[in-house]
Amino acid sequence: MNRGNFMRKAAFLLAFLMGISMVGCSSSDEGQEIVVPIYETDEIDYKTEEAVVGDISQKYYVDGYFGYPYSENVSFSMSGTIETIYVEENQTVEEGDILITLNSDEVDEQLEEKEVYLEQAKKTVETLESEGGSATELELAKVELELTQLEYDYLEDSRDNYNVYAPCDGVFSTTQDASFGSGVSDQRGASVLLVEGAQVDASTTFGQIVDHSEQYLICDVYDTVLENVNFGTRVSLEQGQTEATGKVVDIIEGDNAGMSLTTYVITPEEDADLSDLQVSCCFEVYSKLDTIIVPSDAVKTSGDRSYVNLLIDGAKIEQDVEVGIVDDDETEIISGLTGGEQVIVNN
């Protein structure tokens, strides 16, 4: 008997006894027929489901987008003055393209001077070979030519450091600290000014080339660690009515605005019929086998307490439980149930 029925019957019995008492105390009512009202009550129809032993997995959902997760930084190899700028914001470039050139007048002068010495050394060797110089003289001349050539090559290589080249094919963009703007408002907040005549320091990164050679599905997860998600982990993908799978091919750690950021790079299966629009990605982060499972709607909370309502012999009984994995419609019960109990899901 549930508690509601019990209370109604108790009230009815109390009213009946009070009626008898009043009859006994009033002689005028002696012999009068007693009429007892009868109330019909509806039984509460509880909806229940059985606590079962099964498998459950915890899933993490995040929206993914198609993009280019890989980039290479672009920086100055040496300090100097910007002479020529060949690149613009969001410009498509190819590997080896010159982006910026620094003034190299000093090294150019050294190269011109060293080129004169190099030509003299070559002529000396040619003269000794044609006029029959001694073996010692010829050997010394060749050594001098070789040393001069090495010095010239070194200067030429160092001159190349005044040029900044694109490290890969892709699209160029400046960093937050760099600006192409010549106006005061454009330069506000910029520590690297990219205009002709500006002074720059060696190793200063001023931009990046976003590699557009291959597009991937990208999932950005902030301030959360997805346990058991590694290289090769399968990911369920959904885009409208289309369902597909993919796998994690790279995990990139970083930060954004003070929050930790983990970027999961995913390659969809070859026959995945997905467009460039947003994709719902589902990661299975944890699973448990042969555990007690109940519908999530059956689990109630009160403060730090979790409990379920059991239906036992028609009566509703509260049972404290310890909750484990929650997977939308299902919840793992670590303790409090053994399986087979009827849990109430509509109250």
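In which strand is Ile292 found? Ile292 belongs to strand 17, which covers residues 279-295. The structure described here is a predicted model. Its secondary structure amounts to four helices and 23 strands. Of the 347 residues in the protein, 32% are buried. Among contacts with a sequence separation of 6 or more, 71% are between residues 24 or more positions apart.

**Strand 17: Ile292 and Asp290**

- Ile292 has a relative accessibility of 11% and therefore counts as buried, the limit for that class being under 20%.
- Beyond residues up to four places away in sequence, Ile292 touches Ala51, Val52 and Val53. The contacts of Ile292 also include Thr331, Glu332 and Ile333, together with Leu337, Thr338 and Gly339.
- The C-alpha atoms of Ile292 and Val323 lie 9.9 Å apart in space, with 31 residues of separation in sequence.
- Asp290 is likewise a residue of strand 17. With a relative accessible area of 64%, Asp290 is exposed, because that class begins over 50%.
- The phi angle of Asp290 is positive, near 50°, although the residue is not glycine.

**Strand 15: Ala244**

- Ala244 is part of strand 15, which runs over residues 242-256.
- The relative accessible area of Ala244 is 9%, so this residue is buried.
- Apart from neighbours within four places in sequence, Ala244 is in contact with Val235, Ser236 and Leu237, and also with Glu269 and Ala272.
- Ala244 and Glu269 are 25 residues apart in sequence, and their C-alpha atoms are 7.2 Å apart in space.

**The loop residue Asn90**

- Asn90 occupies the loop that links strand 4 (80-85) and strand 5 (92-93).
- A relative accessibility of 57% means that Asn90 counts as exposed.
- Asn90 is a residue other than glycine with a positive phi, near 65°.

**Helix 2**

- Helix 2 (105-131) contains 27 residues. From first C-alpha to last, helix 2 reaches 39 Å, close to the 39 Å expected at 1.5 Å a residue.
- The buried residues of helix 2 are Val107, Leu111, Lys114, Leu118, Ala121, Val125 and Leu128.
- Helix 3 is included in what covers these buried residues of helix 2.
- Gly132 follows helix 2 and has a positive phi, near 75°.

**Helix 3**

- Helix 3 spans residues 135-160. Its 26 residues reach 38 Å between the first and last C-alpha, close to the 38 Å expected at 1.5 Å a residue.
- Buried positions in helix 3 are Leu138, Ala141, Leu145, Thr148, Tyr152, Leu155 and Ser158.
- The cover over the buried residues of helix 3 includes helix 2.
- Leu140 also lies in helix 3, but at 58% relative accessibility this leucine counts as exposed, since the class begins over 50%.
- Leu140 and Val125 are 15 residues apart along the chain, and their C-alpha atoms are separated by 9.1 Å.

**Packing of helix 2 against helix 3**

- Two packed helices are described by the angle between their axes and the distance between the axes.
- For helix 2 and helix 3, the angle is about 160° and the axes are 9 Å apart.
- Angles over 145 degrees count as roughly antiparallel, and helix 2 and helix 3 are therefore roughly antiparallel to each other.
- Helix 2 and helix 3 make a left-handed crossing.

**Thr148 in the helix pair**

- Thr148 is situated in helix 3. The relative accessibility of Thr148 is 4%, so this threonine counts as buried.
- The side chain of Thr148 reaches the backbone oxygen of Glu144 at a distance of 2.8 Å.
- Neighbours within four places in sequence aside, Thr148 is in contact with Lys114, Tyr117, Leu118 and Ala121. Lys114, Leu118 and Ala121 are among the buried residues of helix 2.

Note on methods: Residues numbered from 1 in each chain as written. Predicted model: local features only at pLDDT ≥ 70, side-chain atom pairs only at ≥ 80, totals over all residues. Heavy atoms only, no water. Helix = DSSP H or I, 4+ residues; strand = E, 2+ residues; numbered from the N terminus. Buried < 20%, exposed > 50% of the residue type's maximum accessible area, 1.4 Å probe, protein only. Polar contact = N/O pair within 3.5 Å; in protein donor to acceptor, adjacent residues only side chain to side chain. Contact = heavy atoms within 4.5 Å. Expected span 1.5 Å × (residues − 1). Axes fitted to C-alpha atoms, helices over the stretch in contact; angles between N-to-C directions. Parallel < 35°, antiparallel > 145°, perpendicular 65-115°, else oblique. Left-handed = near helix turned anticlockwise from the far one by under 90°.
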